[in-house]
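Colleague: Please take a close look at one part of this model, a single strand together with its partners and surroundings. I should like the account to set that part within the chain that holds it and within the whole assembly.

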Amino acid sequence: MTRLGLLAAGFKRHRLRLLLTGLSIVVAFLLFGVLVAVRQAFAAGVSVAGRDRLVVRHRISIIQLLPESYEAEMEKLPGVVDATPASWFGGIYQDPKNFFGQFPVKPEEYLRMYPEFRLPPEQKAAWLATRTGAVAGRKLADRFHWKVGTRIPIQPTIWIPKKDSSWQFDLVGIYDGAQKETDTSRFLFRQDYFEENRRFASGMIGWYYIRVADPKRAAAVAQSIDDHFTNSSAETKTETEGAFAQGFANQMGNIGAIVTAILSAVFFTILLVAGNTMAQTVRERTQELGVLKALGFSNAEVLAMVLGESCLLAGTAGLIGLGLGFALAAGGDPTGGYLPNFMFPAKDLLLGAALILLLGVAAGALPALQAMRLRTVDALRRE
Amino acid sequence: MTVSMSHPSLVPVTAGHSATLARVRGVAKDFRRGAEVVHVLRGLDLEVPRGEFLALMGPSGSGKSTLLNLLGGLDRPSAGSVEVGGEQIDRLSERALARWRARHVGLVFQFYNLLPVLSAAKNVELPLLLTPLSRAQRKRQVATALALVELEHRAGHLPRQLSGGEQQRVGIARAIVTDPTLILADEPTGDLDRKTGDGILDLLSALSRDHGKTVVMVTHDPHAAGRAGRVLHMVDGQLSTEMAA
């Protein structure tokens, strides 16, 4: 037998209580895994946003459109290197639950704006040569098992085509992301094809992406763009891409704050549950702890033993929960496309491990101190 | 019960036991019960020669268990000094006192106080976790101690699978596994029938007689006390009578 064996032996008593406490810790850390993945999904747009990219939208809201003439005007403004349009298409592929973002864009400009979207040269050439051509991110293509050459019909919800009842696209390319967090769930097709075939709002654009020469001057450039269009028929609101993504996510609420609040409540509850279990354990084993002290175990060793038991419980159950959460997140977006960046960030694994340790120490601290302070003769007398 | 003592580390003693192992001088012990102060021991003096089997008798509350606790370093006197093996143990720090107990004292309890989730062998091994012995050495020591109490065949059993007498023998094996100088037994036969109790007393006698262990036993039972080499009676926190068994 080792000292660790002595700790583990403590788990043999009150197995049901231990199992229930352990399960509650497992569930807490599973929830932790899922919630940090949700937070990551909402924050991904912010974290990968280019520091030198701005988004220009209508001042009133993103659903108000801007004239296509703004692109050329903005490119003339000082500090602006490049500008390219994009719009929200909002179509349905086969079933409304198959949600993914679709955007009409100008291929060359857009790929220049997003160098982190890696499209093979021959596929880029095919896109430029094919009016109905579209490219999809790797994650999206894998989700629907699309291959280059697949014909993709999209039912419109906003943009009714002039002739047919649905839009037809030919998949000519699949792009990969330069980083793990790069969004590879977009569906991009040609602005000119969109412009020719939509029934209304001709010459209008959803928003513009702008590349600035100096990221440090991004705020000044944004202000100069908004100033330029003041008192026009379509005034603008320009912000960094990160702020735009954050604002988009915040339409559903402050996800980070909500996740933090839920996790705080869960961990406080779990701390009480685990702390209560440890306190009961020490209370029931007072006489045994007295025996250990009588045999020669010091106060510090008894303290370490109770703390060790608490940490072993929190560690075993917490790691199982964290592992399950990690595995669940590794399975990808469970919402069918609404959270394309649903993943468990590596830094949150460290946070989870730190929380496990903190839970073990915090739950065991008071009972351990109680055990340490026990007078041997009093403990031996306890029935 | 046959007692076989053949462990090489428990050296048989053939010479006389003249040297004093434990010396208690002017020891008082007070307890506070609310506003009231209870004087459990009142200026008690005692000398216990090395290798003696001493029985302490007396009514409940006479202070015999308190004296035993002081001898074992489980408690500290309110006044006076307790010296065991040349070490004044009432002056040791908590940590040093714990280490001293682990090295020099074996404790036998009335209700055995075995850890219910550990097998007999693991219960016996507990005090050895505080020593630098390797796992193999510990295993050998445990086997020897269990053989000494004739329970090697029950090594893997949990306490609840053992009879009262067997549990007490495991308790004795745990007390002697570190080869301590002093064995303190608090009512070791108090929870056992006469025949089983006699077996336990045989063991304690043999430890003192054949292996030179100093055994101090607290008991209510005159029959048990009669097995000791010397019997001391305690009344109101003082030694009243001394008689040879």
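Modeller: Two strands are taken to pair if DSSP finds at least two bridges between them. The model is a predicted one, in which local features need pLDDT of at least 70 and side-chain atom pairs count only at pLDDT 80 or more, while totals for chains, interfaces and linings use all residues. Residues are numbered from 1 along each chain as its sequence is written, and chains are lettered from A and ligands numbered from 1 in the order of writing.

The strand I have chosen is β8 of chain B, residues 214–218. Helices and strands here are DSSP runs numbered from the N terminus (H or I, at least four residues, for a helix; E, at least two, for a strand). β8(B) is mostly covered, with 5 of its 5 residues buried. A residue is called buried if 20 or more other C-beta atoms lie within 10 Å of its own, exposed if 12 or fewer, and partly exposed in between, with C-beta atoms placed from the backbone. In a regular strand, side chains alternate between the two faces of the sheet. Both faces of β8(B) are covered: B:T214, B:V216 and B:V218 are buried on one side, and B:V215 and B:M217 are buried on the other.

β8(B) has two parallel partners to describe. Strand β3 of chain B, residues 53–57, is joined to β8(B) by 4 bridges, and the two run parallel. In that pairing, B:F53 stands opposite B:V215. Strand β7 of chain B, residues 182–186, is joined to β8(B) by 5 bridges, again in a parallel arrangement. There B:D186 stands opposite B:V218.

Beyond the strand, the packing can be followed into the nonpolar core. Such a core is a set of buried Ala, Val, Leu, Ile, Met, Phe, Trp, Tyr and Cys residues joined through C-beta atoms within 7 Å. In soluble globular proteins, nonpolar side chains tend to be buried together. The largest core in this model has 117 residues, and those with the most contacts inside it are B:L56 and B:A173. Although these two residues belong to chain B, the element that gives the most to this core is helix α12 of chain A, residues 299–330, with 11 residues. A second, separate core of 46 residues includes A:M113, A:Y114, A:V172 and A:A245.

B:A173 leads to the helices of chain B. Its partners, leaving aside neighbours within four places in sequence, are B:V124, B:A145, B:L146, B:L148, B:V149 and B:L151, where contact requires C-beta atoms, placed from the backbone, to lie within 7 Å. B:A145, B:L146 and B:L148 are also among the buried residues of helix α4(B), together with B:R138, B:Q141, B:V142 and B:T144. The buried residues of α4(B) pack against α3 and α5 (164–176) of chain B. After α4(B) comes B:E150, whose phi is positive, near 60°.

Strand β2 of chain B, residues 36–49, offers an exposed residue to set beside the covered β8(B): B:D45 lies in this strand. With 12 C-beta neighbours inside 10 Å, B:D45 counts as exposed. Apart from neighbours within four places in sequence, B:D45 is in contact with B:V24, B:R25 and B:G26. B:D45 and B:G165 are 120 residues apart in sequence and, C-alpha to C-alpha, 34 Å apart in space.

For chain B as a whole, the secondary structure comes to 7 helices and 10 strands. Of its 245 residues, 48% count as buried. Its C-alpha trace spans about 50 × 45 × 40 Å along the principal axes. Among contacts in chain B between residues at least 6 apart in sequence, 71% join residues at least 24 apart.

Chain A has 14 helices and 12 strands. Buried residues make up 39% of its 383 residues, and its C-alpha trace spans about 90 × 45 × 35 Å along the principal axes. Among its contacts between residues at least 6 apart in sequence, 82% join residues at least 24 apart.

The two chains meet where 20 residues of chain B are in contact with 18 residues of chain A. On the chain B side, the elements that give two or more residues are α2 (94–104) and α3 (120–125). The most comes from α2(B), with 6 residues. Helix α3 of chain B thus appears in two settings: at this interface and among the elements against which the buried residues of α4(B) pack.
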